[in-house]
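Colleague: I am new to this structure and would like a close look at a single part of it. Please pick one sheet, take me through it strand by strand, and then show me what lies around it.

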Amino acid sequence: MARQEYSADVVVVGCGIAGLSAAVSAAEAGANVLVLERAPKDDRGGNTRYTESFWRMKDHDTIADDFAERLAENAAGYLDPEVTKDYNRPYSDWQPLLRAQPALDPALIEAWGEGAGPAVRWLESKGAKFDYLPIYFLTVSTSRLAPVGGGWALVEALAKWCETEGADRVAIHYETTARGLIQDEDGRIVGIRALGPDGPCEFRGNSVVLASGGFEGNAEMLARYCGPQTQWTRPIAKGGYFNRGEGIRMGLEAGAAPGGDFGSFHAQPVDPRSGAIEAAVVTFNYGLLVNLDGDRFTDEAPATADACYEAISRDILQQKKGLAYVIHDARLDDVPNWRLGVRSDQAPIEAATLAELADKIGVNFNRLQATLAAYNAHCPPEPTGDAFKALELDGLRTKPGLIPPKSNWSRPLDRGPWRAWPIMCSNCFTFGGLKVNPNAQVLDMDGRPLPGLYAAGETMGVYHRTYTGSTSVMRGCVFGRIAGRHAARSNV
Ligand SMILES: Cc1cc2nc3c(=O)[nH]c(=O)nc-3n(C[C@H](O)[C@H](O)[C@H](O)COP(=O)(O)OP(=O)(O)OC[C@H]3O[C@@H](n4cnc5c(N)ncnc54)[C@H](O)[C@@H]3O)c2cc1C
């Protein structure tokens, strides 16, 4: 069969928030656009389809107060002042070495923050509605907005635009997997080699936007970059299985510089028994976490739930079989609305006595009892009145000598009935990706744009260690729009 060929001005890989934002923006700028999507139409939208899509914003036009600070805190490992002294100069004057390093550049944080409000307004112009919607963390450290209907509503609004108003300029090819970049003899990226429902095909254009997510659905890349314990993780929702890292691999093979932390991913604590979307269990602040040996291994409450769940998930991953149990006694019922913090659709493991609970979760009773006894002995005197403040950091810290300590909400666990949930570390999305400049152009190892190549969303690498929550959909939209507009007018 002859290889099918399609051509347009801009080729976009991926149909999540980043790809659709790029495609619609390129089309609005007058370009003809081809979009490749690995999934069938009913599953389109990758991770975006499954997220509630919180945005770290104060209101529809303003980013949260801590937005830039939190991102800058996790911009790299130890920045070398000799290399980063150029940060004080305009980006165009930076030495190439600095542009190509994997750190999240201040110029990128700036473009991201500046683009957030306009991105919300742009999505609203496509039919989305943003509001202050409830989140499942019982204690929070920042402000957030979200679209009514979550990421699914964003995917549907933008895809609908492509199918109606933009139909003469945008064509989405479903069940079509990008496999390789096409480069011309001058090294410019001029298209994508793919496999579609009818066999091999080529998509040619002046520019290519890679928006195919991270590598959370690729076990080999996860083990290679993030380590063998990733065998105990899984994507937090179905969308992650579609993201198998081809965009990142293609970019690196073409000479792109790596961006972000290749050894990390956004970790979230979920109930492994549940197939629900984001089956998170985040009540551990009020209880204890034990591993399969019955031992504690982490401070369960160093900060508000939304600020510590990722680090705690990573600690869980390091335990035997990457598994822990959160143990609660009857005092859990003192926490208003604690059920909000459990999104698993599986019932807790319940028992009248600790011995029965140990038996049910398969943990040695003597060890579990000793763990609880040590913890109970280090709890501050049983708080009276309103010293225990479930919905704010209450400073009820264990007495010195307990390792690890518990920094807040420390009350003895000694009163049945008992409840436990198993918790594993799920993989929401990976951090490592392609280094881009503020135009979303992919940079080579010498800090120069790879002609014709852009990346947006998870495919661009920015985060290190700790994910600055509620910024990834925003990243996809902001840099997708930038990529689409730049690609539409770029022939350089
Ligand atoms: C349950 C859940 C909750 C989350 N909560 C939040 C939140 O509240 N706030 C927030 O900011 N972020 C959140 N995130 C993260 C955020 O949703 C994602 O990081 C973001 O939506 C990614 O957008 P994207 O466009 O880069 O990738 P995706 O939306 O994953 O889109 C990638 C697309 O590329 C396609 N694709 C992959 N490989 C290929 C290929 N080779 N060829 C063709 N197509 C390909 C996929 O099928 C997919 O459609 C959450 C994620 C999940 C799953």
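Modeller: Let's start with a hairpin: strands E10 and E11 form one, with two residues between them. Please keep in mind that what you see is a predicted model. Within the hairpin, E10 (residues 189-196) and E11 (residues 199-204) pair in the antiparallel sense over six bridges. You can find one of these pairs by looking for Gly196, whose bridge partner in E11 is Gly199.

The hairpin belongs to an open sheet of four strands, in the order E1-E11-E10-E9, and the pairing is mixed. Strand E1 (4-7) and strand E9 are at the edges; each has a single partner strand, so one side of each is left without a neighbour in the sheet. On average, neighbouring strands here are turned by 25° against each other, direction ignored.

Now follow the sheet outward from the hairpin on both sides. On one side, E11 is joined to E1 by four bridges, and these two strands run parallel. Here Glu5 stands opposite Glu202 in E11. On the other side, E10 is joined to E9 by six bridges, and this time the strands run antiparallel. A good marker is Ile182, which has Gly191 in E10 as its bridge partner.

E9 is a handy place to step out of the sheet, for it has a part in the surroundings of the ligand. Strand E9 (177-183) supplies at least two residues of the shell around the ligand, as do helix H1 (17-28), strand E18 (418-430) and helix H12 (472-489). Of these contributions, the one from H12 is the greatest, with four residues. There are 47 residues around the ligand, and those that come nearest are Gly14, Gly16, Gly46, Thr51 and Gly457. Sorted by class, the shell holds 18 nonpolar, 21 polar and eight charged residues.

E9 also leads you to helix H8 (residues 246-253), whose buried residues are Glu246, Gly247, Ile248, Met250 and Gly251. Those buried residues pack against E9, and also against E2, E12, strand E19 (433-434), E20 and E21. After H8 comes Gly255, with a positive phi near 105°.

Several of those partners of H8 take us to a second sheet. This one is open and has six strands, in the order E8-E3-E2-E12-E21-E20, again with mixed pairing. Its edge strands, E8 (170-173) and E20 (441-443), each pair on one side only. Neighbouring strands in this sheet are turned by 30° against each other on average, ignoring direction.

Let's look at two of its pairings. E2 and E3 run parallel and pair over four bridges, with Val13 opposite Leu36 in E3. The side chains of E3 (residues 33-36) alternate: Val33 and Val35 point one way, Leu34 and Leu36 the other, and all are buried. At the E20 end, E20 pairs with E21 (residues 449-455) in the antiparallel sense over two bridges, and Leu443 has Pro449 in E21 as its bridge partner. H12, which we met beside the ligand, lies across E2 (10-13), E12 (207-210), E20 and E21, and runs at about 170° to E12.

Stepping back, the domain assignment of the chain gives domain 1 (4-264 + 431-489) and domain 2 (268-426). Their C-alpha centres lie 35 Å apart. Where the two meet, 17 residues of domain 1 are in contact with 27 residues of domain 2. By class, the touching side of domain 1 has ten nonpolar, six polar and one charged residues.

One last stop is Lys126, in the loop between helix H5 (106-125) and strand E6 (130-131). Lys126 has 16 other C-beta atoms within 10 Å, so it is partly exposed. Leaving aside residues up to four places away in sequence, Lys126 touches Ala157, Leu158 and Trp161. Phe137 is eleven residues from Lys126 in sequence, while their C-alpha atoms are 29 Å apart in space.

Methods. Residues are numbered from 1 along each chain as its sequence is written. This is a predicted model: local features need pLDDT of at least 70, side-chain atom pairs count only at pLDDT 80 or more; totals for chains, interfaces and linings use all residues. A residue is near a molecule or strand if its C-beta atom, placed from the backbone, lies within 6 Å of it. Ala, Val, Leu, Ile, Met, Phe, Trp, Tyr, Cys and Pro count as nonpolar, Asp, Glu, Lys and Arg as charged, and the others, Gly among them, as polar. Two strands pair if DSSP finds at least two bridges between them. Axes are lines fitted to C-alpha atoms, for helices over the stretch in contact, and angles run from 0 to 180 degrees between N-to-C directions. Two residues are in contact if their C-beta atoms, placed from the backbone, lie within 7 Å. A residue is buried if 20 or more other C-beta atoms lie within 10 Å of its own, exposed if 12 or fewer, and partly exposed in between; C-beta atoms are placed from the backbone. Domain bounds come from an automatic or database domain assignment.
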